[in-house]
Amino acid sequence: MFTACELGVFDLLLESGDPLSLDVIAARLGTSTTGMERLLDACVGLKLLAVELTQQGALYRNTEISNIYLTKSSPKSQYHIMMYYSNTVYLCWHYLTDAVREGRNQYERAFGISSKDPFGAMYRSEEEMLKFLAGQNSIWGICGRDVLAAFDLSSFTRIYDLGGGGGALARECVSLYPNCTVTIYDLPKVVQVAKERFVPPEEHRIAFHEGDFFKDSIPEADLYILSKILHDWDDDKCGQLLAKVHKACRPGGGVLLVESLLKEDRSGPVETQLYSMNMLVQTEGKERTPAEYSKLLAAAGFREVQVKRTGKPYDAVLGRKSFSVFCPLMCISGKMW
């Protein structure tokens, strides 16, 4: 799938409008017929392509799923995330055995980058950063509205999207909740790319804040969105970040976690189990159960934790910060009841 995307197989078949033969596909894409034949047949087996046997030979065409998700021009295209998986994730998985032995990510072996700097590999060049951000945007183009609509967030008007990247989730948010404003808080180089490539300047309900939310202060807001953030980090780092968020959060405000949730007995879903393996080879974190996220939120001071499974790859967890209530009746003659 990665190779077919990279070579442009699905784009060529979409643009042609008609099924094409092996010789035509190989000639137009500049590949050998021997290699392309095996690639096309494998894609047929994966249901990414369909083949029709005619008197002139085999003719190949895209399946519906490939037209929707694997062509660059589709509004729901996942092409960019496929390229990120191919050029970054796939290389890390080559060292899965080492990751299991050592219990840490494999960026040092895969890219010669310190394992303590997981985003150094993802952002190791502007090209790779663009692939990553465009890929994340494509995911939220499919799942964003589901996680944002899991709870009624209309009462939160000032929202900070921590690690908001290319801004696709922020754009979904202001579309779904037109009375809110969203500030994307991310590293300076990420913010610069988001401004230049992904968020149009006429979108006045989206603002930007440059910084490292682990090292720098977090401004006050009604709601903080952490989408696929906590799964990058261990429990201690998650606790530190959530404590900062709780301190900055307005009373009555909240935090929305967007993550792929394991079942409480960790027996599935299989996609989340494999994604947790991916966190092992790529990050310092893991996928968690609802109870584990609830425990992290409670330790940071958040209450009324609610969990919603969306039926899509990502789910939603909402925690609220209590109102600070002072009752004069509690204080009589200078003594607290």
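Buried means under 20% relative accessible area, exposed over 50%, and partly exposed in between, using a 1.4 Å probe and protein chains only. With that in hand, let's work through some exercises.

The model is predicted: local features need pLDDT of at least 70, side-chain atom pairs count only at pLDDT 80 or more, and totals for chains, interfaces and linings use all residues. Residues are numbered from 1 along each chain as its sequence is written, and side-chain values use heavy atoms, leaving out hydrogens and water.

**Exercise 1. Get an overview of the chain.**

Step 1: Start with the secondary structure, which comes to 15 helices and twelve strands. Helices (H or I, at least four residues) and strands (E, at least two) are DSSP runs, numbered from the N terminus.

Step 2: Along its principal axes, the C-alpha trace spans about 100 × 50 × 35 Å.

Step 3: Of the 337 residues, 48% count as buried.

Step 4: Look at contacts, meaning heavy atoms within 4.5 Å. Among those between residues at least 6 apart in sequence, 65% join residues at least 24 apart.

**Exercise 2. Check the length of helix 6 and look for a bend.**

Step 1: Helix 6 covers residues 79-93, 15 residues in total. The expected span is 1.5 Å times one less than the number of residues, so it should be 21 Å; the end C-alpha atoms are 20 Å apart, which agrees.

Step 2: At Y85 the helix bends by about 40 degrees. This bend is the angle between axes fitted to the seven residues ending there and the seven starting there.

Step 3: Now check burial in helix 6: the buried residues include Y79, I81, Y84, T88 and C92.

**Exercise 3. Find the residues with the most partners in the largest nonpolar core.**

Step 1: A nonpolar core is a set of buried Ala, Val, Leu, Ile, Met, Phe, Trp, Tyr and Cys residues joined through side-chain atoms within 4.5 Å.

Step 2: The largest one has 71 residues, and W140 and L256 touch the most other members. Helix 10 (residues 126-148) gives the largest share of this core, ten residues.

Step 3: Follow L256. Leaving aside residues up to four places away in sequence, L256 touches V147, L148, F151, L153, L223, Y224, I225, L226, A316, V317 and L318.

Step 4: Another core, of 26 residues, lies apart from the largest one; Y160, A221, V245 and V255 are among its members.

**Exercise 4. Work out which parts of the chain three salt bridges tie together.**

Step 1: A salt bridge is a side-chain nitrogen of Lys or Arg within 4 Å of a carboxyl oxygen of Asp or Glu. The structure holds 14 of them.

Step 2: D98 pairs with R109, with the closest N and O atoms 3.9 Å apart. Because D98 lies in helix 7 (residues 96-102) and R109 in helix 8 (residues 107-111), this pair ties together parts eleven residues apart in sequence. D98 and R109 also belong to a salt-bridge network with E102 and R104.

Step 3: E172 and R145 meet at 3.3 Å, N to O. E172 is in helix 11 (residues 168-176) and R145 in helix 10, so parts 27 residues apart in sequence are tied together. R145 counts as partly exposed, at 37% relative accessibility.

Step 4: D146 and K312 have their closest N and O atoms 2.9 Å apart. D146 lies in helix 10 and K312 in the loop between strand 9 (303-308) and strand 10 (315-320), so this bridge ties together parts 166 residues apart in sequence. D146 is partly exposed at 27% relative accessible area, and K312 is partly exposed at 36%.
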